Amino acid sequence: EANHLTDPNEAEKFCRERDLAAFAAAIGTAHGYYKGEPNVAFDLIGDINRRTKTPMALHGGTGLSDEIIQKCIKLGCAKINISTNLKHVFIDSFVDYHKAKPADYEPIRVLTAQYDALKQLFKEKIAQFGGKNRGNELLSKVA
């Protein structure tokens with residue numbers, strides 16, 4: 001597995017030669033749901049961030065424990081990918097709505113149920129990732 005992890009020297013050279021908004025290093029996580037606990041190379045996160053000075057994107061945030069996510073954030077992960085989680089909530093909320101109201105084929109109500117379910121997930125993830133009540137502060141940093 002170590003062969004599939006990002007080499008900090010290569011990461012530093014790669015990021016120095018490009019103007020990147022973010023850098024997604026291979027640190028032991030992967031997209032999709034995990035079958036077991038991933039072996040996250042936490043030492044690489046800090047080392048790569050110090051060397052590249054480029055915000056790190058974390059592949060495979062879906063299904064990681066809060067402890068792992070918080071440690072990754074503390075070490076410098078600035079973007080956490082949770083696409084699998086979003087896709088599952090999107091589809092599951094449709095299925096749940098249809099099971100609860102099998103005769104309702106009004107798309108607006110179904111889409112509203114999906115929207116509400118995703119909005120709840122977004123609120124939870126924003127809080128988990130440390131962004132709750134920080135919208136104005138964070139927007140001023142990118143403006």
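Helix H4 (helices being DSSP runs of H or I of at least four residues, strands runs of E of at least two, both numbered from the N terminus) has 18 residues that should span 26 Å at 1.5 Å a residue, and its end C-alpha atoms are 26 Å apart, which agrees; the expected span is 1.5 Å times one less than the number of residues. The model is predicted, so that local features need pLDDT of at least 70 and side-chain atom pairs count only at pLDDT 80 or more, whereas totals for chains, interfaces and linings use all residues. Residues are numbered from 1 along each chain as its sequence is written, and side-chain values use heavy atoms, with hydrogens and water left out.

Within H4 (residues 83-100), which contains Lys99, the buried residues are Thr84, Asn85, Val89, Ser93 and Tyr97, where buried denotes under 20% relative accessible area, exposed over 50% and partly exposed in between (1.4 Å probe, protein chains only). Lys99 is exposed, with a relative accessible area of 64%. The cover of the buried H4 residues includes helix H5 (107-128). Gln114, which lies in H5, counts as buried at 4% relative accessibility, and, residues up to four places away in sequence being left aside, Gln114 touches Phe90, Ser93 and Phe94, contact meaning heavy atoms within 4.5 Å.

The secondary structure of the chain comprises six helices and two strands, arranged along the sequence in the pattern α-α-β-α-β-α-α-α. Of the 143 residues of the chain, 32% count as buried. Among chain contacts between residues at least 6 apart in sequence, 59% join residues at least 24 apart.
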